[in-house]
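Colleague: Could we go through this model together, one topic at a time? I would like to hear the reasoning as well as the answers.

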There are 2 protein chains.
Amino acid sequence: MSLRDEIFEQPVVARRLLDEAHEPIERIAADVQARDVDHVVIAARGTSDHAAIYAQYLFGVLLRLPVALAVPSVLSLYGAEPRFRRALVVGISQSGVSPDVVGIVEAGRRQGVPTVAITNDPASALAAAAEHVVDLRAGPELAVAATKTYTAELMAVAMLGSALADGPGRAAELAVVPAAMEEALRTEEAAAGAAADHAGMRSCTVLGRGFDYATAREWALKLKELTHVLADPYSAADFLHGPLALVEPGFPVLALAPSGRASADLVALLERLVRDHEVDLLVASDREEIRALGRWSLALPAGLPEWLTPLVSILPAQLFALHLTRARGLDTEAPRHIAKVTRTH
Amino acid sequence: MSLRDEIFEQPVVARRLLDEAHEPIERIAADVQARDVDHVVIAARGTSDHAAIYAQYLFGVLLRLPVALAVPSVLSLYGAEPRFRRALVVGISQSGVSPDVVGIVEAGRRQGVPTVAITNDPASALAAAAEHVVDLRAGPELAVAATKTYTAELMAVAMLGSALADGPGRAAELAVVPAAMEEALRTEEAAAGAAADHAGMRSCTVLGRGFDYATAREWALKLKELTHVLADPYSAADFLHGPLALVEPGFPVLALAPSGRASADLVALLERLVRDHEVDLLVASDREEIRALGRWSLALPAGLPEWLTPLVSILPAQLFALHLTRARGLDTEAPRHIAKVTRTH
């Protein structure tokens, strides 16, 4: 299994999770709903932190719940165990071994609040620590850069949010994701072309807004890990608070701009960046007129509900990162310096 | 008032806030303690977001409270008003005008939970929205890059955390901050020397850990705004999850490494970066043996309790950014493209 194989395996992994995790997640949701939860705390690091950011938006929008991203070092460095009085505590980790993430979930379990582990290893320390486990069933992920476990984490978060929201129609929307992923993978040729053109890039900004802010973060991390490009992710809103000063003619800007409520703000920023600052824009969108803003573009599938776009829009971004890695003559399977599993305390 | 004047005004601003805001903050704390709060939600953008990150660590360590950084767009873009059942809702904004930050505080006020505005304009929309106001009393800040209002925000957070924690001795520790700031400003010559040496820098990583992760974020933002360096901030823990792949011999790494519980992890990473990857290290620390790791170093005052280090360690970082701006022939007062007040929705 190569990185490319794992990228192309994502529709199969998503379909398997939809089929096999539906019942367990419904049971978890029923248990959480029976308890008095007024906010959510999520512990995660690296790529999984971006699944946690997706959960911040999703649980905020679907459930109107405040979601805190845990600061594991408050416990691991300073020994201050958070008091989880009415929290749902979630740990997200592909490997399930990071001691600081496990520590937060253990604290929640000890305090008797509902705890959920989302992990690709149901025999991991994280799974053992949590009351409930969502097994990602993604199969072994061998490439150091996480791809299929990331979208599996997003799918688990989407399924859990959907089950907790208890509304009709969301299951049917979720069922569309694997086919949309297959369609998104058809961008490979365009992604490879854009990558070849960006082979000399040293730095860039990656923009997203709303749900796809998580995708901007994850795209930037893939670029750093795999291609050594200093990719700086921003929400369009935060970008105006300072980082806009960085741009100059020709500066590479990568943007995720699918249809939806986040679109207007972001498109206005992209138009300004192209018109006033002459940046070099690569844009992923389902809408042709938005794609036309970029010198390069990647076509996202049309018709996907906005809350599910991050599960699909990361795929062309992964393909761009894969082909940029190759275009730069770097190793796609084992980026320099970094390990697959990082045990941060 | 120039940017440099505002940087040097920080000890005076901190002393004024300690004197004049003590009583109001004690009253706010008493009111919050009388209500049933099990977590905190903070809305902020840009520089103020870094004061919110400091509050995540501080309230976590002193009060063992989970702290969520609000995702204002959940409300402003998606129309989903968070349900703040037992939250303390805090808005932090120098100008107090950003509609999305105001919107979160208004929602909390409407729902009857305690709300606090931390702002430099007690006549602002944010102040009007909140039940309680901490007036930063920093005087007009004219430079586009925020400096004195940032440390005033940190001081307000520290005073509020201290008042809520109700423990002895913290007021005496807080009283030391203005003098420590004065001492930190004595690094100007060293900061100017390091800046001149880094005049050609295009990108860098900024590392912090624990409380000073907020400082790493703020230092990086100042560098982006003022000097157009693509500065990428990381906690030492997250840096191992991917971004480590970026480093190569001579890559500039700026680090905040004061004494304290976060020190061991970070120093181990810095040693590895210097020894194995031959990075070009500029390090700020109170300890000489840590400073000796860097090709350049900035001396932080000794003896400051770890929970207060961010109020002081940002000052040498601001001076470095100021002098790097000058060394690159750029405008310290009005960075290109960006406005002092950003009205994000």
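Colleague: Which residues does Trp219(A) touch, not counting residues up to four places away in sequence?
Modeller: Happy to start there, and please keep in mind that this is a predicted model. Trp219(A) is one of the residues with the most contacts inside the largest nonpolar core. Leaving out residues up to four places away in sequence, its partners are Val206(A), Leu254(A), Ala255(A), Leu256(A), Leu282(A), Ile314(A), Ala317(A) and Phe320(A).

Colleague: How many residues does the largest nonpolar core have?
Modeller: In soluble globular proteins, nonpolar side chains tend to be buried together. Here, Tyr54(A), Trp219(A), Leu223(A) and Phe320(A) have the most contacts inside the largest core. That core has 96 residues.

Colleague: And which helix gives the most to this core?
Modeller: The top contributor is in chain A and gives 11 residues. It spans residues 148-165, which makes it helix 8.

Colleague: Is Ser162(A), in helix 8 of chain A, buried or exposed?
Modeller: Beyond its neighbours within four places in sequence, Ser162(A) is in contact with Leu62(A), Gly167(A), Arg170(A), Ala171(A), Leu174(A) and Trp307(A). Its relative accessibility is 10%, and the cut-off for the buried class is under 20%. Ser162(A) therefore counts as buried.

Colleague: Let's turn to strand 6 of chain A: why is it described as largely enclosed by the rest of the structure?
Modeller: Look at both faces of the strand. Ser203(A), Thr205(A) and Leu207(A) point one way, Cys204(A), Val206(A) and Gly208(A) point the other way, and all are buried. Strand 6 of chain A is largely enclosed because the number of its residues that are buried is six of the six.

Colleague: Which residues stand opposite Thr205(A) in strand 7 and strand 8 of chain A?
Modeller: Strand 6 runs parallel to strand 7 (residues 230-235) of chain A, over six bridges. Strand 6 also runs parallel to strand 8 (residues 252-256) of chain A, joined by three bridges. Across from Thr205(A), then, strand 7 offers Asp232(A), and strand 8 offers Val253(A).

Colleague: Which helix joins strand 6 and strand 7 of chain A in a right-handed β-α-β unit?
Modeller: The two strands pair in the parallel sense. The helical part of the unit covers residues 213-227 of chain A, and that is helix 12.

Colleague: In the open sheet of five strands in chain A, which are the edge strands?
Modeller: The pairing is parallel and the order is 2-1-3-4-5, with a twist that averages 20° from one strand to the next. An edge strand pairs on one side only, and in chain A this picks out strand 2 (67-69) and strand 5 (132-135).

Colleague: At about what angle does helix 6 of chain A run to strand 3 of chain A?
Modeller: Strand 3 (residues 87-93) and strand 4 (residues 115-119) of chain A pair in the parallel sense over five bridges, with Gly91(A) opposite Ala117(A). Helix 6 (residues 99-110) of chain A lies across strand 1 (39-43), strand 3 and strand 4. Its angle to strand 3 is about 155°.

Colleague: Finally, how are the two copies related?
Modeller: A turn of 180° and a shift of 0.0 Å along the axis lay chain A on chain B with an RMSD of 0.0 Å. In chain A, the C-alpha nearest the axis belongs to Ala68(A), 1.9 Å from it. The copies meet through the same surface, because 100% of the interface residues of chain A are also interface residues in chain B. The copies are thus related as by a two-fold rotation axis.

Methods: Residues numbered from 1 in each chain as written. Chains lettered and ligands numbered in written order. Predicted model: local features only at pLDDT ≥ 70, side-chain atom pairs only at ≥ 80, totals over all residues. Heavy atoms only, no water. Core = buried A, V, L, I, M, F, W, Y, C linked by side-chain atoms within 4.5 Å. Buried < 20%, exposed > 50% of the residue type's maximum accessible area, 1.4 Å probe, protein only. Helix = DSSP H or I, 4+ residues; strand = E, 2+ residues; numbered from the N terminus. Contact = heavy atoms within 4.5 Å. Pairing = 2+ DSSP bridges. Axes fitted to C-alpha atoms, helices over the stretch in contact; angles between N-to-C directions. Right-handed = clockwise from strand over helix to strand, strands pointing away. Least-squares fit on C-alpha atoms with pLDDT ≥ 70 in both.
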